Amino acid sequence: MMVRPDERAPIARLLTFLEQGEQMAHDCATTQASMVFESGARRFLLSQARQEAAHALVFKGAVAWLAPKHLGDSLCLPAMEAYRKLLHDRFACNDLLDTILAEQVILEGLGEAILTHIERGLEKRAAPLGRMRRILLRQEEAHHGFGRRWLERAIARGETDVPALQRRAQQYLALSDAMILDLGELFDSIDEDPAQWAADVRTFLPEWLTEEPLADGRY
C-alpha cells in the first residue's frame with residue numbers, strides 16, 4: 001500500500017476516529033437490543049453490536065500496522081462527546097425511535113460516507129484486504145438499511161411523521177457535520193475537503209429526511 005510517510009499519522013488519527021465511532025455504535029446497538037420485544041429485531045441489533053465491536057478491532061489493527069506509535073491515542077472531539085450525551089439522554093427517556101434515527105440512520109450514514117471515501121483512496125493505493133473492506137462496508141449498509149426501514153414503518157403506523165423526524169434530525173446532523181470539521185487538519189494533510197465529506201453524509205440519508213416540503217405541506 002503506497003502511503004506517504006507524511007500521511008501515516010493523519011490517516012491513523014482518522015482511523016482512530018472511526019474506531020471510537022464504532023465503539024459508540026456498539027454500545028448503542030447493545031442498549032437498543034434490550035429495549036425491543038420483537039425477536040428478529042433483537043437478533044439483528046445483537047448481531048450489529050458484535051459487528052461494530054469487530055469493526056473497532058479492525059480499525060485498531062489498521063492503526064497498529066500504519067502508525068504503531070499512535071496506537072491507543074484518544075481523540076477529544078467535542079461534537080462526538082455531545083452526540084454520545086444526546087444518545088445517553090434519549091436512552092434515559094426510553095426513546096428508542098430517536099436512538100434509531102441518531103445511530104442507525106444518521107451515524108451509520110456518516111460512517112458509510114467516510115468508509116466510501118476511504119475505500120476510494122485505498123483502491124488508488126492498491127491496499128490489501130479488499131474483501132474484508134467490502135464486507136465491512138456491506139455490514140454498515142445493512143445497519144443503515146435496518147434503521148431506514150424502522151423509521152418508515154413507524155411513519156406508516158402513525159407513531160411519528162416526516163416533519164417530526166426532520167426536526168429531531170437537525171441537532172444530530174449538525175453534530176455529525178461538526179465531527180468532520182473537528183478533523184479538518186487531518187483532511188488537509190491528505191488533500192481532502194472536510195466540507196465535502198460532511199455534505200456527502202446527506203447523500204446516504206433518506207430523501208424524505210432532508211427534502212423540503214411541497215407548497216401544500218406534503219413531502
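The largest nonpolar core in this predicted model takes in 60 residues, and Phe17, Tyr83 and Ile106 make the most contacts inside it. Quite a few elements chip in: helix 1 (5-33), helix 2, helix 3, helix 4 (96-124), helix 5, helix 6, helix 8 (194-200) and helix 9 (207-210) each give two or more residues to this core. Helix 4 supplies the largest share, with 13 residues. As a general backdrop, nonpolar side chains in soluble globular proteins tend to be buried together.

The overall layout is easy to describe. The protein chain holds 9 helices and 0 strands, so read along the sequence, the pattern is simply α-α-α-α-α-α-α-α-α. Of its 219 residues, 51% count as buried. Long-range contacts make up much of the picture: taking contacts between residues at least 6 apart in sequence, 81% join residues at least 24 apart. As for confidence, the mean pLDDT of the chain is 83, and 84% of the residues reach 70 or more. Among the elements, helix 3 has the highest mean pLDDT, at 95, while helix 7 (residues 184-189) has the lowest, at 69.

Helix 3 deserves a closer look. This helix runs over residues 78-92, and at 1.5 Å a residue its 15 residues should span 21 Å; the end C-alpha atoms are indeed 21 Å apart, so expectation and model agree. Which residues of helix 3 are buried? They are Ala79, Met80, Tyr83, Leu86, Leu87 and Phe91. These residues cover an arc of only 135° around the axis, which means that they sit on the same side of helix 3. The face turned away from that buried side carries the exposed residues Pro78, Lys85, His88 and Ala92.

One residue from each face helps to fill in the picture. On the buried side, Tyr83, already met as one of the best-connected residues of the core, has plenty of company from elsewhere in the chain. Setting aside neighbours within four places in sequence, Tyr83 is in contact with Met24, Ala102, Ile106, Leu107, Tyr172, Leu175, Ser176 and Met179. Ile106 on that list is also among the core residues with the most contacts. On the exposed face, His88 has a relative accessibility of 57%, which is over the 50% cut-off, so His88 counts as exposed. His88 and Thr99 are 11 residues apart in sequence, and their C-alpha atoms lie 9.0 Å apart in space.

Just after helix 3 comes Asn94, with a positive phi. This residue lies in the loop between helix 3 and helix 4. Most residues other than glycine have a negative phi. Asn94 is a residue other than glycine, yet its phi is positive, near 55°. Its relative accessibility is 60%, so Asn94 counts as exposed.

Aromatic rings come next. How many aromatic pairs turn up in a search of the whole structure? There are 3. In one of them, Phe44 and Phe146 are stacked, with 4.3 Å centre to centre and 10° between the planes. This pair links distant parts of the chain, with Phe44 in helix 2 (residues 39-66) and Phe146 in helix 5 (residues 130-156), 102 residues apart. The two partners do not share the same surroundings: Phe44 is partly exposed, with a relative accessible area of 24%, whereas Phe146 counts as buried at 7%. Another pair, Tyr83 and Tyr172, is tilted, with 5.3 Å centre to centre and 55° between the planes. This pair, too, links distant parts of the chain, with Tyr83 in helix 3 and Tyr172 in helix 6 (residues 162-182), 89 residues apart. Both of these tyrosines are buried. Phe44 and Phe146 also belong to one aromatic cluster, together with Trp150.

Helix 5 offers one more residue to follow, Leu137. Is Leu137 buried or exposed? Its relative accessible area is 18%, and the cut-off for buried is under 20%, so Leu137 is buried. Not counting residues up to four places away in sequence, Leu137 touches Glu112, Leu115 and Thr116. Glu112 lies 25 residues from Leu137 in sequence, but the two are 6.9 Å apart in space, C-alpha to C-alpha.

Technical notes
Residues numbered from 1 in each chain as written. Predicted model: local features only at pLDDT ≥ 70, side-chain atom pairs only at ≥ 80, totals over all residues. Heavy atoms only, no water. Helix = DSSP H or I, 4+ residues; strand = E, 2+ residues; numbered from the N terminus. Expected span 1.5 Å × (residues − 1). Buried < 20%, exposed > 50% of the residue type's maximum accessible area, 1.4 Å probe, protein only. Arc of directions from axis to C-beta. Phe/Tyr/Trp six-rings, centres within 6.5 Å; stacked < 30°, edge-to-face > 60°. Core = buried A, V, L, I, M, F, W, Y, C linked by side-chain atoms within 4.5 Å. Contact = heavy atoms within 4.5 Å. pLDDT = per-residue confidence, 0-100.
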